[in-house]
Amino acid sequence: MFLVLSKPHSVDIAGEVIIAVLADTGELISCDSVANQTELVGLIQSKDLSDFRLVWDDTNRWYPKLLAEGIWIPRCVDLRLSDQILRHSEFTRDHYFALRGEDPWLKFDESEPSEGLFELEPSDSELDSAAEFAFQSKVIENSERSQQIKLLLAAESAGALVAAEMKFCGLPLRPDLHEQMLVQALGPRPRFGERPKTLAKLLSTIQTLLNVNDLNPDSPAELIKGLKANGLNVSSTRSWELKRLDHPVVAPLLEYKKLSRLMSANGWHWLDANVADGRFRPDYVVGGVVTGRWASRGGGGAMQLPKKVRGSVVADSGWQLVVADAAQLEPRILAALSGDSAMAKAGKSRDMYEGLVATGVVESRDRAKVAMLAAMYGATTGDSAKLMPLLARAFPKAISLVESAARTGERGGVVTTRLGRTSPAPDAERIFPEDGFSESTDSGARSPRTGSFARSWGRFTRNFVVQGTAAEFSLCWMALLRQKLHELAFDSRLENGPHLVFFMHDELVIHSPISVAPKVGELAVLAAIEAGKLLFPCTSVEFPLDVSIVDRYSDAS
DNA sequence: TCGTGTCGCGCC
DNA sequence: AAAGGGCGCGACACGA
C-alpha cells in the first residue's frame with residue numbers, strides 16, 4: 001500500500017482561516033484497489049478528486065512517473081519528509097517518540113520501484129502508508145502547535161511536488177549560446193587534458209612573473225610557495241587576500257582563477273553532463289539543508305547557477321521567463337518573526353535597506369546591508385560588528401531575538417523556526433569541553449566562559465531561525481504560486497502552460513507563454529503576499545517582489 | 001588507485 | 001564592502 005487519498009481541510013491560524021492546506025483524517029481511499037496505471041490516471045483526473053490530497057511514502061518514487069504520464073497532482077503528503085520534521089521538531093518530538101513503535105523508516109528503500117507504477121506484492125521495504133499517515137496525524141493532533149506543524153508539512157510536501165515538476169520541465173538553456181560564451185572567455189574547446197588557449201596564456205604569464213617554470217596555480221600549496229619565493233607573504237590564496245598584494249602577477253592570477261573556475265564548474269564537461277534537449281535538469285533535494293533550505297545533488301550545483309551562465313538561459317520561442325525575487329527576504333523575515341514594529345516600518349520601503357537609511361540608524365545603503373548581515377550571521381569583528389549597538393538601539397526586538405537564539409546555541413540548546421523546524425542538537429562534549437574551558441562552578445552551573453565551538457554554534461542557531469523561517473516562506477510562496485499557475489492553465493499539461501522552472505532560496509523563475517507572462521508576474525506577487533499572511537497573519541511586514549519579464553535570465557534586474 | 005579531508009569559490 | 005550563517009562541487013593533497 002502506498003497511496004492514500006484524503007480530504008483537505010482548512011488551517012486556522014490566529015483566528016483567520018487562510019487556505020486549505022493539509023489533510024485531516026477522514027475518508028481514506030486506498031489505491032490498493034486500483035489495478036493499474038490507467039485506472040489511477042482516471043481516478044486522479046476525475047473532477048471530484050481534484051480537491052483531494054494524495055498521501056504517499058516518497059514523492060521522488062512516484063511523481064516523476066505520473067508527470068511523464070501527463071498527470072498533475074494538486075497536493076500531497078510526503079510521509080518521508082514529514083517524518084523527518086516530526087521526529088526533530090520541538091513541537092512534536094516528545095509525542096513522536098512516545099507513540100512510535102518500531103521505526104518503519106529504518107528498512108525503507110528510497111530507490112524508485114523498478115516495475116511499472118504498481119507492484120502487486122509489496123516488498124519488505126514498502127511502507128504501510130495508511131498506518132504511517134495515521135501515526136503522523138496522531139502526533140500532530142497531540143501537538144500544542146498543530147496548526148504551524150500542519151502548515152509546515154503541507155509546505156514541505158508541496159515543495160517536493162514543485163521540485164519534481166521543475167526537474168521534469170527543466171530550465172531552458174541554449175547549449176549553443178553557452179558554448180559561444182565559453183569560447184569567448186576561454187578559447188576553443190581544448191582536447192582532453194589540455195588547457196584552453198586563454199588559460200594557457202595566463203599560465204605562462206604567471207610563471208614568467210613569478211619566475212617559476214612548473215607552477216600550477218590550481219594548487220594552493222604550490223601557489224603559496226611561489227608567491228612567498230617572490231617576497232609576497234600570504235597565508236592563503238583566497239582571491240580577496242591576493243587582491244591586497246601589490247605585484248604585477250595579481251591581475252593575471254585573479255583572471256586565471258576566475259576562468260579556471262568557469263571551466264571546471266560550468267565548462268564543456270558540465271554542459272555535456274547536465275544539459276540535454278535544451279534543458280538543465282538538476283536534482284533538487286527538498287529539506288536537504290538542516291535549516292529547511294533545498295540543496296541540490298549532481299546536476300552541477302543548481303543552487304549556485306553563476307551569473308555568467310544565466311546568459312545561456314533563454315525562453316523558448318513564444319515564451320518568456322518571469323523572474324521573481326523576494327526583496328531582502330531575510331531581514332523582512334526577522335522583522336516579522338520578532339514583531340519589531342520599527343523594523344517593519346523600515347520595511348514599508350520597497351528597498352528595506354533604504355528604509356533603514358531613512359530611519360537614520362545608518363548613513364548608507366551599504367552600511368545598512370552589512371549591519372543586517374552582521375545581525376543575522378553574528379559578526380564579531382570588523383566594521384560590521386561595530387554597527388550592532390546601533391541596530392540594537394533602533395530595533396531592540398529584532399536584535400534581541402537573534403541574540404537570544406545565539407545564546408541558546410552557545411548553551412547547547414536548540415532553536416525552532418516559525419512553523420516548527422528545529423535545529424539539531426550540538427555534540428555536548430564540544431560545547432562543554434572537559435579540558436578546562438568551562439568547568440563547573442561551586443553552584444554546579446557552567447562557567448560563563450564560552451569556547452570557540454560554542455560561539456560558532458551560537459552563530460549557527462542565530463542564523464537558523466532566520467534562514468529556516470525564510471525557507472518556510474519560500475515553500476509557501478512556491479506552493480501557492482503553483483496552484484495559481486495551475487488555475488491559469490487549467491486544461492493543459494504542465495509543460496504547456498506557465499510552469500516553475502528554477503528556484504534559488506528567494507528567487508523563482510517561471511517559464512511562461514508570452515500572452516500570460518504579465519499575469520504570471522502578478523500571481524507571483526499575490527502568492528508572496530499570501531505566503532506572508534500564512535506565516536504571519538497579524539504582521540505589518542510586507543514581502544514585495546522584484547519581478548522581471550525577460551527572454552534571457554541574465555537580463556533580469 | 002582508492003577514499004577522505006581541505007581549500008577555494010560560486011550562489012543565497 | 002566584509003570576511004559573520006548555510007550549502008555543493010571540483011581540484012588537490014595525503015594516507016592506506
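How many helices and how many strands are there in chain A? The count is 22 helices and 13 strands, and this is a predicted model. The close-ups below go through a few parts of it.

**View 1. Chain A as a whole.** Let's start with some overall numbers. Chain A has 557 residues, and buried ones make up 53% of them. Take the contacts between residues at least 6 apart in sequence: 69% of these join residues at least 24 apart. As for the outside, the accessible surface comes to about 25,600 Å², and carbon and sulfur atoms account for 50% of that area.

**View 2. Strand β10 and its two partners, β12 and β13.** Here we zoom in on β10, which covers residues 319–326. This strand is mostly covered, with seven of its eight residues buried. One partner is β12 (residues 507–513), which pairs with β10 in the antiparallel sense over seven bridges. To find your way along that pairing, look for Ala-324, whose bridge partner in β12 is Leu-508. Strand β13 (residues 545–550) also runs antiparallel to β10, and six bridges join the two. A handy landmark there is Leu-321, which stands opposite Val-550 of β13.

**View 3. An open sheet of three strands.** Read across, the order is β5-β7-β6, and the pairing is antiparallel. The edge strands are β5 (171–172) and β6 (275–276), each of which pairs on one side only. Two bridges join β5 to β7, a strand made of residues 279–280. Pro-172 is a good place to look, as it stands opposite Arg-279 in β7.

**View 4. The surface near DNA strand C.** Now for the DNA. There are 24 residues around strand C, and those that come nearest are Ser-219, Gly-298, Gln-304, Thr-381 and Arg-459. Sorted by class, the surface here has eleven polar, seven nonpolar and six charged residues. Helices α11 (250–266), α17 (382–386) and α21 (452–488) each supply at least two residues, and so does strand β9 (295–297). The largest share comes from α21, with four residues.

**View 5. Three side chains up against DNA strand C.** Which parts of the DNA do they meet? Ser-219 has a polar side-chain atom 2.3 Å from a phosphate oxygen. For Arg-459, a polar side-chain atom lies 2.9 Å from a sugar or linking oxygen. Arg-293 has a polar side-chain atom 3.5 Å from a base nitrogen. Looking at the DNA side, 72% of the strand C atoms within 4 Å of the protein belong to sugar or phosphate, and the rest to bases.

Key
Residues numbered from 1 in each chain as written. Chains lettered and ligands numbered in written order. Predicted model: local features only at pLDDT ≥ 70, side-chain atom pairs only at ≥ 80, totals over all residues. Heavy atoms only, no water. Buried < 20%, exposed > 50% of the residue type's maximum accessible area, 1.4 Å probe, protein only. Pairing = 2+ DSSP bridges. Contact = heavy atoms within 4.5 Å. Areas by Shrake-Rupley, 256 points an atom, 1.4 Å probe, with all protein chains shown as cover. Near = heavy atom within 4 Å. Polar contact = N/O pair within 3.5 Å; in protein donor to acceptor, adjacent residues only side chain to side chain. Nonpolar A, V, L, I, M, F, W, Y, C, P; charged D, E, K, R; others polar.
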